[in-house]
Amino acid sequence: CKLLSVRQHPVLSLPVITSNPQLTAGFPPASLKAPSPPSVASNYAFPRSTRVLDKAGLTSHLPMLLDHWVNSFSRVVSVLGPSDNSLVTYLVPLAERSQLVLCALVGWAASHLSILGEPYVAMTNAAVETVEAQVEAMSGGVADHVPEEKREESMMALLILGGIDVCRGDSRSWVERLPKTREILRAASATTNVCTSHTWRSIALNLVYHDVLSSLASSKTPSMPLDFYQQILAASEYSPDAYMGLTMQIFSIIAETAVLASEVSALATTTTSLSPEQSRRLHAALSKHESVLVKLKDLEVPAVAFTPDKVHLIAAFQTYKFAAELYLRQTVLHTGSADLSSRILAQRTLQHLRLVLGSPSESQMLFPLFVVGVNTADQASRQEIVEMFNRFNERVKCGNIQAVYSLLLEVWKRDPEGDRYVDWRRIADEVSAVAKIANPAVAPMWSSRH
């Protein structure tokens with residue numbers, strides 16, 4: 001469709017993937033080319049019993065959906081590039097021995113195909129309902145009494161459901177599911193060192209990722225302690241990850257920024273004059289900005305990245321680094337799009353984004369694309385952001401892009417001339433649709449070293 005003037009609220013040519021009207025309001029009917037129906041594959045060993053799949057009514061669609069996940073969707077999810085298929089080599093064998101994980105995985109594939117309409121929408125809904133019921137039945141509401149292996153299966157299935165939620169543009173469901181995942185992880189940590197267990201470290205990494213990025217579009221802090229994040233990320237040795245690429249170190253800084261931003265917002269939004277004690281606390285909070293910035297600027301690209309097939313990961317690392325600094329200025333210092341330092345940072349981030357979009361690292365660029373969009377002030381730059389969202393959506397095709405774009409439009413509506421600060425985290429709190437600034441094809445994250 002023809003894009004309107006930015007000052008008239010630009011229109012993004014997004015397919016309507018979700019039935020939630022609050023996520024699709026203002027978006028035109030689908031105008032992008034839909035993916036072709038997947039072919040049928042039969043070279044996978046499935047569990048002898050398909051009881052869980054039978055309950056979801058997915059047994060007859062299993063080969064087709066798994067083939068789509070393996071040969072198409074997983075390549076959208078993983079940022080490591082075509083030479084690395086660690087995501088597939090880990091998850092498919094797990095699905096072959098676990099009915100629960102298999103049901104979640106094929107439901108995830110169906111959610112990506114929901115742009116085609118039925119029967120994929122119904123398949124997705126059936127998978128989600130079945131997995132949730134099975135997890136609840138397995139735990140009986142008490143995660144401590146679940147065997148270790150079943151705990152792992154339950155956690156992985158719930159995390160895959162997070163991917164389904166985001167594909168459908170329904171991040172609120174994932175946020176509401178977080179307490180259950182934290183309960184399972186807490187029970188596991190009582191008997192297992194999640195930092196030394198490869199499986200649980202991978203699962204914990206996934207939870208860290210979801211929890212941190214869920215907090216970015218909210219004034220609430222991440223739900224897990226910062227030191228837990230740092231232990232998990234450090235235990236992974238920051239090796240390239242199928243979902244985060246080389247940006248793990250930056251995630252620790254982003255989590256710290258989210259906590260600091262919430263502290264500042266709580267003090268800075270009072271409707272009355274600050275008391276001397278409040279002023280002291282606000283000054284102390286703002287002064288922490290410098291130490292966070294120093295840690296961020298000290299980060300360097302891991303040496304493992306310097307190979308020809310990982311050039312896109314280096315560009316993604318630099319993009320995230322600039323975007324994280326921009327996020328720090330926006331949310332802690334409350335700088336608006338007229339701030340000169342923020343404008344320079346936005347331009348540098350945008351330059352790197354142009355290199356990464358279209359590369360294997362593209363799917364993790366929703367966070368940088370959004371924070372750059374918040375800091376664009378002129379019509380030409382905002383028009384370029386709209387065009388980037390269109391191209392990004394055309395290749396990735398996931399519903400969460402709609403929610404994030406809606407939030408960006410609301411920011412532009414409140415800052416039409418690009419000359420003021422807009423607290424977009426508070427805006428996200430106010431609306432009923434939660435915009436999760438994450439890879440729109442949210443996936444379980446696995447180290448490339450299996």
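**A first look at the helices, rings and core**

Helix H11 (residues 248-268) and helix H12 (residues 276-298) pack together with their axes 10 Å apart, at an angle of about 165 degrees. Keep in mind as you look around that this is a predicted model. Besides that helix pair, there are 8 aromatic pairs to explore, plus a largest nonpolar core of 132 residues.

**The H11 and H12 pair**

- Two packed helices are described by the angle between their axes and the distance between the axes.
- Angles over 145 degrees count as roughly antiparallel, and H11 and H12 are therefore roughly antiparallel to each other.
- The way H11 passes H12 is a left-handed crossing.

**Aromatic pairs and a cluster**

- The count of aromatic pairs comes to 8.
- In one of them, the ring centres of Trp 69 and Trp 108 sit 5.8 Å apart with the planes at 45 degrees, so this pair is tilted.
- Trp 69 belongs to helix H3 (residues 62-77) and Trp 108 to helix H5 (residues 99-112), so the pair ties together parts that are 39 residues apart in sequence.
- Trp 69 and Trp 108 are both buried.
- Phe 389 and Tyr 405 have ring centres 5.1 Å apart and planes at 65 degrees, so that pair is edge-to-face.
- Since Phe 389 is in helix H16 (residues 379-396) and Tyr 405 is in helix H17 (residues 400-414), the pair ties together parts that are 16 residues apart in sequence.
- Phe 389 and Tyr 405 are buried too.
- If you want to see a group of rings, look for the one aromatic cluster formed by Phe 251, Tyr 320, Tyr 327, Phe 367, Phe 370 and Trp 424.

**The nonpolar core**

- In soluble globular proteins, nonpolar side chains tend to be buried together.
- Here, the largest nonpolar core has 132 residues, and the ones with the most contacts inside it are Leu 58, Leu 65, Trp 69, Trp 108 and Phe 389.
- Helix H13 (residues 311-331) gives the most to this core, chipping in 12 residues.

**A closer look at H3**

- H3 isn't straight at Trp 69: it bends there by about 40 degrees.
- Of the 16 residues of H3, 12 are buried, so this helix is largely enclosed by the rest of the structure.
- The buried residues of H3 include Leu 62, Leu 65, Trp 69, Phe 73 and Val 77, and also Asp 67, His 68 and Ser 74.
- Trp 69 turns up again and again: it pairs with Trp 108, marks the bend in H3 and is among the residues with the most contacts inside the largest core.

Conventions: Residues numbered from 1 in each chain as written. Predicted model: local features only at pLDDT ≥ 70, side-chain atom pairs only at ≥ 80, totals over all residues. Heavy atoms only, no water. Phe/Tyr/Trp six-rings, centres within 6.5 Å; stacked < 30°, edge-to-face > 60°. Helix = DSSP H or I, 4+ residues; strand = E, 2+ residues; numbered from the N terminus. Buried < 20%, exposed > 50% of the residue type's maximum accessible area, 1.4 Å probe, protein only. Core = buried A, V, L, I, M, F, W, Y, C linked by side-chain atoms within 4.5 Å. Bend = angle between axes of the 7 residues up to and from the residue. Axes fitted to C-alpha atoms, helices over the stretch in contact; angles between N-to-C directions. Parallel < 35°, antiparallel > 145°, perpendicular 65-115°, else oblique. Left-handed = near helix turned anticlockwise from the far one by under 90°.
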